[in-house]
Amino acid sequence: MNISKKMESAVNVQMNEELYSEYIYLAMASYFESQNLKGFAHWMKKQAEEEREHAMKFHDFLFDRDGTATLEALKKPPAKWASPLAAFQEAYKHEQYITGCINKLYDLAEKEKDHATKVMLHWFIDEQVEEEASALEIVEKLKLIGNSVNGLMMLDQALSKRE
Ligand code: FEO
């Protein structure tokens, strides 16, 4: 069954949210590069890549359902943050926001009795649990580290290992 116009439009909004997610994490990668925190920058670049994959899942789904993907202008992300902790707090807040968007999309799919969209969204519902958990874990570590340069360097090293 083809996707309804209403559902198509809502999935497009989410595809663009994922593209903005890619954009903000890339901005965070640039910020970390500028601070010479290469491991943090690497983690954020990987995160940005993941967001592009999320956007493409929505993109391809729209065409599979005989809909169309429509790219919108992306808003300008911030260029710097007060500290690594501030950047990760924003990343965590952003993931909570995205979880809310996915949940609303699921509510709409239920209302529309669009089973295919519901099943597609199950992957995202699981993924958001991980997305929030991984950002929060780093927020908590940065809080523990406080002003310790050694601690920050160790975490930078650990984050450089993200595959
Ligand atoms: Fe695509 Fe980080 O949620």
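This passage describes the helical architecture, the nonpolar cores and the surface of a predicted model.

The chain contains five helices and zero strands, and from the N terminus on its elements follow the order α-α-α-α-α. Along the principal axes, the C-alpha trace extends over about 55 × 25 × 25 Å. Among contacts between residues at least 6 apart in sequence, 82% join residues that are at least 24 apart.

Two of the helices were examined for their length and for the residues that come after them. The helix α1 comprises 30 residues and reaches 44 Å from its first C-alpha to its last, close to the 44 Å expected at 1.5 Å a residue; α1 is mostly covered, with 21 of its 30 residues buried, and it is followed by Asn 36, for which phi is positive, near 60°. The helix α3, with 28 residues, reaches 41 Å between its first and last C-alpha, close to the 40 Å expected at 1.5 Å a residue, and is followed by Lys 113, whose phi is likewise positive, near 55°.

In soluble globular proteins, nonpolar side chains tend to be buried together. In the present model, the largest nonpolar core holds 25 residues, of which Met 28, Phe 32, Phe 40, Met 44 and Phe 88 touch the most other members. The elements that give two or more residues to this core are α1 (5-34), α2 (38-64), α3 (84-111), α4 (115-145) and α5 (149-159), and the largest share, eight residues, comes from α1. Apart from this core lies another, of 20 residues, which includes Ile 3, Leu 19, Ala 55 and Phe 124.

The surroundings of Met 44, which is among the members of the largest core that touch the most others, were considered in more detail. When neighbours within four places in sequence are left aside, Met 44 is in contact with Tyr 25, Met 28, Ala 29, Phe 32, Phe 88 and Ala 91; of these partners, Met 28, Phe 32 and Phe 88 are themselves listed among the residues that touch the most other members of the core.

Over the whole chain, buried residues make up 47% of the 163 residues. The accessible surface comes to about 9,100 Å², and 55% of this area belongs to carbon and sulfur atoms. With regard to charge, the chain carries 20 positive and 28 negative side chains, and the centres of these two sets lie 4 Å apart.

Notes: Residues numbered from 1 in each chain as written. Predicted model: local features only at pLDDT ≥ 70, side-chain atom pairs only at ≥ 80, totals over all residues. Heavy atoms only, no water. Core = buried A, V, L, I, M, F, W, Y, C linked by side-chain atoms within 4.5 Å. Buried < 20%, exposed > 50% of the residue type's maximum accessible area, 1.4 Å probe, protein only. Helix = DSSP H or I, 4+ residues; strand = E, 2+ residues; numbered from the N terminus. Contact = heavy atoms within 4.5 Å. Expected span 1.5 Å × (residues − 1). Areas by Shrake-Rupley, 256 points an atom, 1.4 Å probe, with all protein chains shown as cover. Lys, Arg positive; Asp, Glu negative; His and termini not counted. Charge placed at Lys NZ, Arg CZ, Asp CG, Glu CD.
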